Amino acid sequence: MHTKPMTSETWATALRSLGRRVTRQRLAVLDAAHRHPHATAEVILETARTELPALTAASVYQVLGDLSEWGLLRKLETPDSPARYETRIGDNHHHVMCVRCGAVEDVSCVVGHAPCLTPAETAGMRIVTADVLFQGICSSCDAAEPDQHAASPSR
Ligand SMILES: [Zn+2]
Ligand SMILES: [Zn+2]
Ligand SMILES: [Zn+2]
């Protein structure tokens with residue numbers, strides 16, 4: 001888990017260093033994303049609203065888009081789920097997702113830097129990064145239904 005203490009001042013410094021304005025909305029979204037790694041916009045909205053009750057869904061989406069674009073948040077796309085966000089940025093870590101309940105956890109990059117995988121063919125492109133999503137079954141799902149094997153593709 002993410003134990004590094006992050007304060008409003010840390011986020012404010014990060015925003016200023018990018019030449020961006022420090023707003024209460026941005027601070028609330030960063031704080032919510034930090035407290036709930038891999039949260040969806042919905043969860044971030046809910047969390048940030050405890051601090052800023054007037055916060056709207058539209059402004060949270062706007063802020064999430066801006067912060068992702070500026071590299072303060074990492075946006076994670078997973079199958080069958082809305083995008084998720086996290087404040088653990090810049091370390092090229094990967095994710096493991098439970099195919100039954102959708103739980104997502106971090107896994108360290110095997111190599112430690114991008115790209116950690118090289119395809120046999122690159123269609124002429126210079127490979128910059130490899131986005132790896134491991135899919136599995138978490139221990140609580142496995143305990144609940146141990147006989148069921150990996151979900152077959154439903155689509
Ligand atoms: Zn699960
Ligand atoms: Zn992560
Ligand atoms: Zn890697």
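Author: Contact here means heavy atoms within 4.5 Å. This is a predicted model, in which local features need pLDDT of at least 70 and side-chain atom pairs count only at pLDDT 80 or more, while totals for chains, interfaces and linings use all residues. Residues are numbered from 1 along each chain as its sequence is written, chains are lettered from A and ligands numbered from 1 in the order in which they are written, and side-chain values use heavy atoms, with hydrogens and water left out.

Reader: Which residues in α3 meet α4, and which residues in α4 do they meet?

Author: Helices (H or I, at least four residues) and strands (E, at least two) are DSSP runs, numbered from the N terminus. Here α3 covers residues 41–49 and α4 covers residues 57–69. On the α3 side the residues are Ala41, Ile44, Leu45 and Arg49, and in α4 they meet Ala57, Val60, Tyr61 and Leu64.

Reader: Which protein donors does the zinc ion (ligand 2) have, and how far from it do they lie?

Author: Donors are N, O and S atoms within 2.8 Å of the metal (3.2 Å for Na, K and Ca), and sites may look incomplete, as water is not among the atoms. Histidines 38, 93 and 95 each give NE2, Glu86 appears twice through OE, and Asp106 gives OD. Their distances from the zinc ion (ligand 2) are 1.9 to 2.7 Å.

Reader: What is the arrangement of the six donor atoms around the zinc ion (ligand 2)?

Author: Six donors count as octahedral if opposite ones are over 155 degrees apart and all others lie between 65 and 115; four count as square planar by that rule, or as tetrahedral if all angles lie between 85 and 135 degrees, and anything else is irregular. The angles at this zinc ion run from 53 to 170 degrees, so the arrangement is irregular.

Reader: How many residues apart are glutamate 86 and aspartate 106?

Author: Buried means under 20% relative accessible area, exposed over 50%, partly exposed in between (1.4 Å probe, protein chains only). Glutamate 86 is buried because its relative accessibility is 1%. Glutamate 86 sits in strand β3 (residues 84–86) and aspartate 106 in strand β5 (residues 104–107), so this pair of donors links distant parts of the chain, 20 residues apart.

Reader: What are the protein donors of the zinc ion (ligand 3)?

Author: In sequence the donor residues follow the spacing H-x14-C-x6-C. Cysteine 109 is buried at 11%, and cysteine 116 is buried at 16%. Lying 1.9 to 2.2 Å from the ion, the donors are His94 (NE2), Cys109 (SG) and Cys116 (SG).

Reader: Is histidine 94 buried or exposed?

Author: Histidine 94 belongs to strand β4 (residues 94–98). Leaving aside residues up to four places away in sequence, histidine 94 touches several residues, including Asp106, Cys109, Cys116 and Phe134. With a relative accessible area of 2%, histidine 94 is buried.

Notes:
Axes are lines fitted to C-alpha atoms, for helices over the stretch in contact, and angles run from 0 to 180 degrees between N-to-C directions.
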